[in-house]
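Me: I should be grateful for a close look at one part of this structure, the surroundings of the ligand. Please set that part in the context of the rest of the chain.

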Amino acid sequence: MELEPWQTELKNCVRTIDELEQYIPIENKERMREVLQNMRLSITPHTLSLIDFKNPNDPILLMSVPQEKELTFSPEELVDPIGDEAKSPVPFLTHRYPDRVLIYATFFCSLFCRFCFRRFKTGEANPGPVKSDIENIIDYLIEHPEVEEVILTGGDPLTLLDAQIEEWLRRLREVSSIRRIRFHTRVPVNLPSRITDNLISILKRCMDPIHPIFIVTHFNHPNEIAPENIAAIARLVDAGIVVRNQGPLLKGVNDDAGVLEELFKRLTDIRVVPYYLHQLDLAKGTNHFRVPIEEGIELMRQLQGNVTGIALPRYMLDIPAGKGKIPLVYEFAKKIEGNSWKIESPSGEKLEYQEPNSLN
Ligand code: SF4
């Protein structure tokens with residue numbers, strides 16, 4: 001069977017240390033092979049074309065190329081940092097919040113991000129759900145009509161074949177309580193050629209005005225927004241799909257107010273809504289990417305006022321053990337007493353704000 005261009009691109013990913021060495025010198029190959037035992041390697045030709053290999057601090061290089069630092073674990077880091085397994089009533093499904101579930105449709109990704117929070121699953125060649133697992137998932141959804149939103153995740157669900165994606169959508173649409181379907185995917189970032197006309201047709205066929213499909217994608221740096229990515233996003237948005245962005249705050253990659261400002265503004269320009277900026281989950285071997293929460297809150301304070309409200313995401317912490325997400329916020333207003341508040345303007349001016357007494 002003839003491969004589609006995106007499948008050929010997947011076939012041509014860099015997956016071994018020897019292949020990687022053609023782009024960048026590798027000092028200790030044995031240690032690097034150890035790194036790959038914890039988390040496999042894949043970099044797409046598209047992403048390779050965006051990396052400046054002469055710059056060891058290139059942000060896309062840091063996100064894609066394995067480092068020996070991944071073998072250093074801090075005691076606070078966890079195998080399953082957000083408790084996916086603790087809240088999994090049936091295999092390949094996590095039910096953390098009453099109205100929505102995560103379904104791990106595959107553990108394969110086009111590019112294995114070196115900061116991946118789900119590396120305990122994506123890191124090895126884990127088989128995804130088989131037919132009987134899918135039946136169990138559908139039965140669970142039918143038995144739990146309080147679930148109205150399904151998040152297809154993984155791994156990257158858009159690396160599945162068209163027929164597999166269509167089958168998931170068809171089966172989910174048969175469950176009458178499911179109102180919304182989301183895909184969590186880095187394909188628009190790392191493999192934009194995957195957003196084909198046929199994929200768009202499948203997505204459109206499975207939507208109607210009250211059953212939308214959302215794509216939540218994952219751009220972390222403005223350098224990732226190349227012409228091919230912009231075209232892929234345009235195809236999705238023009239088809240009526242709501243596209244949002246979430247991603248972690250990453251040391252050396254985007255822990256800078258100017259970089260974040262540019263990222264959020266450029267995403268908004270291409271009609272992607274910046275949705276969440278995550279505090280990096282406590283996944284094992286990712287400490288070199290971690291930014292202290294205090295710095296993250298300060299970065300968000302700096303962005304307030306400089307970035308239009310329609311482009312400003314919320315900074316979130318996913319609490320370990322599946323306890324859920326909370327926003328991490330700078331306190332711009334503090335109550336003094338009665339109706340008086342001490343407030344801070346976006347430019348840092350300290351002011352007092354008086355509410356009308358009639359409110360009491
Ligand atoms: S695309 Fe998502 S699941 Fe896959 S490696 Fe990157 S962060 Fe992990």
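**The ligand shell and its setting**

Reply: In this predicted model, the ligand is surrounded by Cys109, Phe112, Cys113, Cys116, Arg118, Thr122, Gly154, Gly155, Asp156 and Arg186. By class, this shell comprises four nonpolar, three polar and three charged residues.

Two neighbours in this list, Gly154 and Gly155, deserve particular attention. Both belong to the residues around the ligand, and the peptide bond that leads from Gly154 to Gly155 is cis, its omega being near 10°. Most peptide bonds, by contrast, are trans. As for its place in the chain, Gly155 is found in the loop that runs between strand S3 (149-153) and helix H8 (162-173).

Helix H8, which bounds that loop on one side, packs in turn with helix H10 (residues 197-205). The angle between H8 and H10 is about 10°, and their axes are 10 Å apart; the two helices are therefore roughly parallel to each other. From H8, the residues Asp162, Ile165, Glu166 and Leu169 take part in the contact, and they meet Asn198, Leu199 and Ile202 of H10. Sorted by class, the contact of H8 with H10 contains four nonpolar, one polar and two charged residues.

A second pair of helices offers a useful counterpart. Helix H12 (residues 257-269) and helix H13 (residues 293-303) pack at an angle of about 60°, again with axes 10 Å apart. H12 and H13 are therefore oblique to each other, and their crossing is right-handed. In this contact, H12 contributes Ala257, Leu260 and Glu261, while H13 contributes Leu299, Gln302 and Leu303. The residues of the contact of H12 with H13 fall into four nonpolar, one polar and one charged.

One further feature of the backbone should be noted. Phe92 is not a glycine, yet its phi is positive, at about 70°. Most residues other than glycine have a negative phi. Phe92 is located in the loop between helix H5 (59-64) and strand S1 (93-97).

Finally, the overall division of the protein may be stated. Its domain assignment gives domain 1 (5-327) and domain 2 (331-360). Taken over C-alpha atoms, the centres of domain 1 and domain 2 are separated by 39 Å.

To return to the part in question, the shell around the ligand includes Gly154 and Gly155, which are joined by a cis peptide bond, and Gly155 lies in the loop between S3 and H8.

Note on methods: Residues are numbered from 1 along each chain as its sequence is written. This is a predicted model: local features need pLDDT of at least 70, side-chain atom pairs count only at pLDDT 80 or more; totals for chains, interfaces and linings use all residues. A residue is near a molecule or strand if its C-beta atom, placed from the backbone, lies within 6 Å of it. Ala, Val, Leu, Ile, Met, Phe, Trp, Tyr, Cys and Pro count as nonpolar, Asp, Glu, Lys and Arg as charged, and the others, Gly among them, as polar. Domain bounds come from an automatic or database domain assignment. Axes are lines fitted to C-alpha atoms, for helices over the stretch in contact, and angles run from 0 to 180 degrees between N-to-C directions. Helices (H or I, at least four residues) and strands (E, at least two) are DSSP runs, numbered from the N terminus. Angles under 35 degrees count as roughly parallel, over 145 as roughly antiparallel, 65 to 115 as roughly perpendicular and the rest as oblique. A crossing is left-handed if the near helix is turned anticlockwise from the far one by less than a right angle, and right-handed if clockwise. Two residues are in contact if their C-beta atoms, placed from the backbone, lie within 7 Å.
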